[in-house]
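User: I'm new to reading protein models and I keep tripping over the labels. Could we go through some of them and check where each one comes from?

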Amino acid sequence: MKIAVMGAGAVGCYYGAMLARAGHDVTLIGRPNHVEAMNRNGLLLDFGSSQEYVSVTGDTDAVGVTGAEMVLFCVKSTDTVEAGAQIKPFISPDTIVLSLQNGVDNAERLSHVIGQPVIPVVVYVATSMGGAGHVRHHGRGELVIGPSAQSQAVADTLIPARIPVEISENAEGALWAKMILNCAYNALSAITQRPYGEIVQGVGVWDVMRNAVDECLAVAKGCGVTVPGDVWGAIEKIAETMPGQYSSTAQDLARGKPSEIDFLNGYIVRKGAELGIPTPTNLTLHALTKLQETKSA
């Protein structure tokens, strides 16, 4: 299958690499330094214990999605509308578009921009960029996707590429569960520039995280969303399974880039205000992260 990845960051590069090594024709749209490295050497897929170069095509322009049967949309939430407008002229009504993004409303926002359905995807993977054209995989890799007429075709494509896929009737709830996890960890990791395993050793940190999560769950309930599973149990487990992982927000701030905090804790604050639900912990985490963004800039 011809597949395009819009947004060749850590997540996009990882899934693009996995699909390319399974034999698919993959084009990654990204920044010039990454594109140059990928076109020159291939994309370096680094599992820690092993490394391999995977043959892909890099492009700096959205025209690279032309002819793609499937598009993995992996840009930051802050860039959804702009990047959606960029790919719109180059996709067809039959193109399968997947939103592999943080936050809970990107698929809806993207669908509005491109004028066709977008399948929401919940991403559970720990990745980072090790340099130009070099993606590091630190753990996990499974996806939860929303139901649609195309979802089974997506699963049939991704699973043979060693990408676990679950089709869920409650993808919205799964997106919220992932966002709540991000609301618990991302800002704290960003503000302190510490990985998950170190954060939770701090005095009072578990209480701060618990308060943030309780606020998120109250807002989810106010929005009529059923959040599946044991959210707090999953949050506790992350500190054990990914102790060395820095949040994507921490990685953004370390590189002096804007983060997605407005679509994580900031989203909870906005929705809480609309619903009359107090969110003081999320407000604090959001405000402090925005201050750090200003410092980074």
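Analyst: Sure, let's take ring pairs first and then the empty spaces; keep in mind that this is a predicted model.

User: How many aromatic pairs are there?

Analyst: A search of the whole structure turns up 4. One of them is Trp176 with Tyr267, 6.0 Å centre to centre and with 70 degrees between the planes.

User: What makes Trp176 and Tyr267 a pair, and why is it called edge-to-face?

Analyst: Ring centres have to lie within 6.5 Å, and these are 6.0 Å apart, so the two rings pair. Planes over 60 degrees apart count as edge-to-face, and 70 degrees passes that cut-off, so the label fits.

User: Where in the chain do the two partners sit?

Analyst: Trp176 is in helix H6 (residues 171-192) and Tyr267 is in helix H11 (residues 265-275). They're 91 residues apart, so the pair links distant parts of the chain. Both Trp176 and Tyr267 are buried, too.

User: Why is the pair of Trp206 and Trp232 called edge-to-face?

Analyst: Same kind of check: the centres are 5.7 Å apart, which is within 6.5 Å, and the planes are at 75 degrees, which is over 60, so the pair is edge-to-face. Trp206 belongs to helix H8 (residues 205-222) and Trp232 to helix H9 (residues 231-241), 26 residues apart.

User: How do you know whether Trp232 is buried or exposed?

Analyst: Look at its relative accessible area, which is 12%. Buried means under 20%, so Trp232 is buried.

User: And why is Trp206 called partly exposed?

Analyst: Trp206 has 29% relative accessibility. That isn't under 20% and isn't over 50%, so Trp206 lands in between and counts as partly exposed.

User: What makes you say that the charged end of Lys178 sits over the ring of Tyr124?

Analyst: The charged end of Lys178 is 5.8 Å from the centre of the Tyr124 ring. The distance limit is 6 Å, so that part of the test is passed. The rule also asks for a position within 35 degrees of the ring normal, and since Lys178 is counted as sitting over the ring, that part is met as well.

User: On to the spaces. What is the volume of the largest pocket, and what lines it?

Analyst: The largest pocket has about 1300 Å³ and a lining of 49 residues, with Gly9, Ala10, Val11, Cys74 and Lys76 nearest its centre. Strand E8 (119-131) gives the most to that lining, 7 residues. By class, there are 21 nonpolar, 18 polar and 10 charged residues.

User: What about the second largest pocket?

Analyst: Its volume is about 400 Å³, and 19 residues line it, with Tyr124 and Arg140 among those nearest the centre. H9 supplies the largest share of this lining, 6 residues.

User: How many cavities are there, and what makes a space a cavity rather than a pocket?

Analyst: There are 2 cavities of 30 Å³ or more. In a cavity a 1.4 Å probe fits but cannot get out, while a pocket is open. The largest cavity holds about 50 Å³, and residues lining it include Ser99, Pro120 and Leu175. The second largest has about 30 Å³, and among its lining residues are Leu175 and Lys178.

User: Which classes line that second largest cavity?

Analyst: Its lining has 2 nonpolar, 4 polar and 1 charged residues. Lys178 is part of this lining, and Lys counts as charged, so Lys178 belongs in the charged class.

Key
Residues numbered from 1 in each chain as written. Predicted model: local features only at pLDDT ≥ 70, side-chain atom pairs only at ≥ 80, totals over all residues. Heavy atoms only, no water. Phe/Tyr/Trp six-rings, centres within 6.5 Å; stacked < 30°, edge-to-face > 60°. Helix = DSSP H or I, 4+ residues; strand = E, 2+ residues; numbered from the N terminus. Buried < 20%, exposed > 50% of the residue type's maximum accessible area, 1.4 Å probe, protein only. 1 Å grid on protein atoms, 1.4 Å probe; cavity = no way out; pocket = protein on both sides within 12 Å on 5 of 7 lines; lining within 4 Å. Points joined across faces, edges and corners; volume = space filled by probe spheres on them.
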